Structure formats: C-alpha cells, structure tokens
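Here's a quick walk through one chain, from a few residues that are worth pulling up on screen out to the fold as a whole. Have the viewer open as you read.

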Amino acid sequence: MCNCADILRMCLLYEHGGLWIDATVYVSQPIPEKVFQEPLFTVAANIDTDNISQAKWMGFILGSSPQGVLCSFARELFFQYWEKENKLLDYFLIDYVISIAKTNLASVRRSLNSIPTDHSQIFDLENMMNKAYNANSFKTLCEQQIFHKLSYKNKHAQYTNKGVRTLYHMLISK
C-alpha cells in the first residue's frame, strides 16, 4: 500500500513551497517568518535514534521553497518507486529518500548540515502526556523549542491513577 502522505508532501512542497507539519506535531510558539524563507527547512536534534536520519532531519516537519531540490528529487524517486512497486518497503521510506539526496546532492547536504540541533526534546511532550499536569514544566518545555512530536499510536488518559488531571487532559480541554 502506498504511503500517499509522503508523495503528497513532496508534491505540495515542490509545487507551492511552504511548511509541511504532520498533524501529530504540537506547535508551542509562533513559527518564525525565516522558516518560510529557507530553501530547505526541518528540525534536528542531538538524540540517540535507530532511524537512518540520526535525528539530523525530521520528515514530519519539512519546509521548502517552490521547486526545491530535495522535493524535486524525492517526488521523482517516489513516482518511480510506486510505478514499479505496490508495497511500502519501510514506514520511514521518506528518511531513506532524504538520506540518498543528502549523499548525492551537495545543496541538500549543505542545507541539512546547517540545521541546528535545537529540538533535542522533540519527543518529551509525548512522554509527559499521561503525567499530572505541571504548568511550569509544560511552559519551560514549550519555551525551549517550537515543535513537539506527539503520537496517535499511544493511549492517553485524562486523569492519573490518583485522579489528577494529566497534560493530555489540559491540551484537549483548551
């Protein structure tokens, strides 16, 4: 089965430019205008991961100028892949495609190498969802970085075992 979101993401960014943010990303601050002026934008982190990206880019937050090199390359590769295949090789195929582009396209390599690793807590908010809501911890995390990756795959509770409202409860009640 096709991962149509990857194709759609690359086609939209190639045609129009802009910023793709998956629905599972919580944005805690206004996005700076400079993000929309970059020829290639993503976030990166200094974290341990098994993903081929090594957290040097995040496919779930990807920005590009129209007709950007990475999006052009990825779009064509996805078109060719799905002409021949009818099954997704790997859920993270987009990261493999970006890795191939980084290896083979100097402008993509330069852009990705220049991304600051300032989102090292990108998964922390997800890890706090079922914990008692702490306004100070939440505020501090939201001030430290703009983007926070959440997951639809995890079950979230509105109350802790002790009946205290969770961060998840706070977020869905706003």
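Let's start with Q54: once neighbours within four places in sequence are set aside, Q54 is in contact with A45 and T49, where contact means heavy atoms within 4.5 Å. Before going further, a word on where this comes from. This is a predicted model, in which local features need pLDDT of at least 70 and side-chain atom pairs count only at pLDDT 80 or more, while totals for chains, interfaces and linings use all residues. Residues are numbered from 1 along each chain as its sequence is written, and side-chain values use heavy atoms, with hydrogens and water left out.

**Two glutamines in loops**

Back to Q54, which sits in the loop between β3 (40-41) and β4 (61-64). Helices and strands here are DSSP runs (H or I of at least four residues for helices, E of at least two for strands), numbered from the N terminus. The phi of Q54 is near 55°, a positive value in a residue other than glycine. D95 is 41 residues away from Q54 along the chain, and their C-alpha atoms are separated by 9.7 Å.

Q67 is another one to click on. Its phi is positive too, at about 60°, although Q67 is not a glycine. You'll find Q67 in the loop between β4 and α2 (69-84).

**Buried or exposed?**

Some cut-offs for the table: buried means under 20% relative accessible area, exposed means over 50%, and partly exposed is in between, using a 1.4 Å probe and protein chains only.

| Residue | Relative accessibility | Class |
|---|---|---|
| Q54 | 42% | partly exposed |
| Q67 | 44% | partly exposed |
| A101 | 0% | buried |
| L93 | 7% | buried |
| Y81 | 16% | buried |

**Residues in α2 and α3**

Which residues does A101 touch, not counting those up to four places away in sequence? They are L70, F73 and V108. A101 itself lies in helix α3. The C-alpha atoms of A101 and V69 are separated by 8.9 Å, with their positions 32 residues apart along the chain.

L93 also has its place in helix α3. Leaving aside neighbours within four places in sequence, L93 is in contact with F78, Y81 and L88. S28 is another matter: L93 and S28 are 65 residues apart in sequence and 28 Å apart in space, C-alpha to C-alpha.

Y81 takes us over to helix α2. With neighbours within four places in sequence set aside, Y81 is in contact with K87, L88, L89 and L93. From Y81 to L150 it's 69 residues in sequence and 29 Å in space, C-alpha to C-alpha.

**The largest pocket**

Now for the pocket. On a 1 Å grid over the protein atoms alone, a pocket is an open set of points where a 1.4 Å probe fits, with protein on both sides within 12 Å along at least five of seven lines, and lining residues have an atom within 4 Å of a point. The largest pocket has a volume of about 680 Å³, a volume being the space filled by probe spheres set on the points. Of the 27 residues that line the largest pocket, the closest to its centre are D22, F60, Y91, F92 and K149. Two elements, α1 (4-16) and α3 (93-104), give two or more residues to the lining. Which element gives the most to the lining? That's α1, with three residues.

**Zooming out**

As for the whole chain, its secondary structure comes to seven helices and five strands. Read along the sequence, the pattern is α-β-β-β-β-α-α-α-α-α-β-α. The C-alpha atoms fill a box of roughly 55 × 35 × 30 Å, taken along the principal axes.

Of the 174 residues in the chain, 40% are buried. Among contacts in the chain with a separation of 6 or more, 69% are accounted for by residues 24 or more positions apart. The accessible surface comes to about 10,200 Å² (Shrake-Rupley method, 1.4 Å probe), and 52% of that surface belongs to carbon and sulfur atoms.

Last, the charges. The mean positions of the 17 positive and 16 negative charges of the chain are 6 Å apart. Lys and Arg count as positive and Asp and Glu as negative, with His and the chain ends not counted; the place of a charge is taken as NZ of Lys, CZ of Arg, CG of Asp or CD of Glu.
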